[in-house]
Structure formats: C-alpha cells, structure tokens
Amino acid sequence: MCATCGCGGGPVHADHSREHPHADHAHEHPHRHAGLLAPPAFTPGRIVRLEQDVLAKNDAIALRNRAWLGEREILALNLVSSPGAGKTTLLERTLREVRGELPVAVVEGDQETPLDAERIRAAGCPVLQINTGRGCHLDAAMISDALRALDPPRGALLFIENVGNLVCPAMFDLGEHAKVVVASTPEGADKPLKYPHMFRAAKLMLLNKIDLAPHVAFDEALCISRARQVNPALEVLSISAARGDGLDRWYAWLHGAIAAIRHHDAGTPKDRALT
C-alpha cells in the first residue's frame, strides 16, 4: 500500500471538461497520501495505523459512491492491470461497438499526460482524465469528484481505467461494482501468483492478446489455473482487443452485469448524496 510503496506527494490534475480536452483543472487533492511515506523514526505499528486510517477513510467514501451509483443503476467497472496490458485499446474498441446501445462514460487514471483521455474522446465518449502525479492508484475521493463532473445518466455504463499497477489498486475500493483485471500473454503465466491480491480482488479476468500467445510461448491453461488457485470464483474470458477474439463474450458479460444492476433489490439507500 501507500505506506510501504511511497506513492503520493504530487498534485492531482483532473480534466473536468468533456468538450474541451485541454481545459485541465489542477488542484491539490484533499486525500493525498504524501504523509504516508514514513520517516525513519516511525515505528511499524505507527505505519500500520496510518494504513488502516487511510483505507477506512477511503472505504467510507467508496460506500457513498456505491450508493450514488446504485441509486442511478449505473454499472461501474474498475479496469486494473499492469502497464501495457491493453486496457485502453480494449476500451476504445468496446466504446465504438457498444456506445450505441447504452450511455457510456469513462474516468481515465494515469500519473501524467491526457493521452489516454484523448484516445477515449476520439472514440466518441465523455471522459474525465485524472493525473495522479507520483500517486500509483486512484482512490474513492477522486472518483467522487469525477462522478460529480461527469454526471453520467441513469442506467449508464461507467468504466474507470485505473493507473497501470498490480499492487495498490487492489487495496482501494472506489465504489465500483467489480474490478476487472486485464492480463496479457506477453506478461507470462505467473502474474496471478506474483500479485495475488489483485486477482483475489477481481471478479473477472480478461486474458488479452491471445493472438500473440503462439509467439511468446504462453501457457493459457496454466495462467487460468493459477488465477483460479488464487481466486476460485474468478470468471475468465480470453480475448484479443486488437483482433476481436472473444469480445462477443465480453459484451455479453457487460449486458448481463447491467441487467443485474437494473433488477437487483439490495435495499441501497436512495437519499444519500455525494459529499
């Protein structure tokens, strides 16, 4: 987590305009993690308490996000992966092929640059870019701000593309319906065992770039076996975002999740606003 990885300390920049991609608004985020990088005098017990405090505050905001999304029947998916696994390419293709069927919005998380937001905007989708500076993940307070700015309509599909990182994003609940971990064949079959917290936290694994598997000596069955060793309930879809393999099953999964959101009766409070 942040107390051990040293993330934070830089400003958070958010693009609050869906129409003007260069109208970025820079602000200091009230929940920065700069104070979590412990100086040598800090004891292990103190660091653990700081970690617990950060996660408790984050979880309280995530709970409000979840209630807000649930009231509006918005399906929010937190896309997580290591850098280069293909999240943005997957999003571009998904947006172009499903946006006519339902409203879609995207929150893009990166340490720097609006490059991914520009790609998503070019695909015809409302998008808000969050640049975390030295931070290595999005948190629930950032998403709370993003929800206000984007204001997705009732019944929308909201994609949150997290910062490329298989460690910290696993620990931070954003209020999403599910984490979707995108793995890729060039990374090898060992990622689920090396980063078990991420695969344990995910509901779905998209095994991307299967068109490259013959060229990188990738063992698909071994990777899936290891992922389910970590998380027996994990759903797995093998896809190629570039070539289109398996995307029909991905879209069917999305439609099933949206239907579940619309027909659930979980007793979510209906009068709680984002604060």
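Buried means under 20% relative accessible area, exposed means over 50%, and partly exposed lies in between (1.4 Å probe, protein chains only). The model is predicted, so local features need pLDDT of at least 70 and side-chain atom pairs count only at pLDDT 80 or more, while totals for chains, interfaces and linings use all residues. Residues are numbered from 1 along each chain as its sequence is written, and side-chain values use heavy atoms, with hydrogens and water left out.

**Exercise 1.** Classify Trp250, Phe159 and Ala60 as buried, partly exposed or exposed.

Solution.
- Step 1: tryptophan 250 has a relative accessible area of 1%, so tryptophan 250 is buried.
- Step 2: phenylalanine 159 has a relative accessible area of 0% and is therefore buried.
- Step 3: for alanine 60 the value is 37%, so this residue is partly exposed.

**Exercise 2.** Describe the largest nonpolar core and state which element gives the largest share.

Solution.
- Step 1: a nonpolar core is a set of buried Ala, Val, Leu, Ile, Met, Phe, Trp, Tyr and Cys residues joined through side-chain atoms within 4.5 Å.
- Step 2: the largest such core has 34 residues, and Leu77, Phe159, Leu206, Trp250 and Trp253 have the most contacts inside it.
- Step 3: elements are DSSP runs numbered from the N terminus, namely helices (H or I, at least four residues) and strands (E, at least two). Those giving two or more residues to the core include β3 (75-80), β6 (157-161), β8 (204-208) and α9 (247-263).
- Step 4: α9 supplies the largest share, eight residues.
- Step 5: a second, separate core has 20 residues, among them Leu166, Ala183, Ala189 and Met205.

**Exercise 3.** Find the aromatic pairs and give the geometry of each.

Solution.
- Step 1: rings of Phe, Tyr and Trp (its six-membered ring) pair if their centres lie within 6.5 Å; planes under 30 degrees apart count as stacked, over 60 as edge-to-face and the rest as tilted.
- Step 2: searching the whole structure gives two pairs.
- Step 3: phenylalanine 159 and tryptophan 250 have ring centres 6.4 Å apart and planes at 40 degrees, so this pair is tilted. Phenylalanine 159 lies in strand β6 and tryptophan 250 in helix α9, so the pair ties together parts 91 residues apart in sequence.
- Step 4: tryptophan 250 and tryptophan 253 are stacked, at 6.0 Å centre to centre with 15 degrees between the planes. These two tryptophans are three residues apart in helix α9, and therefore separated by about one helical turn.
- Step 5: Phe159, Trp250 and Trp253 form one aromatic cluster.
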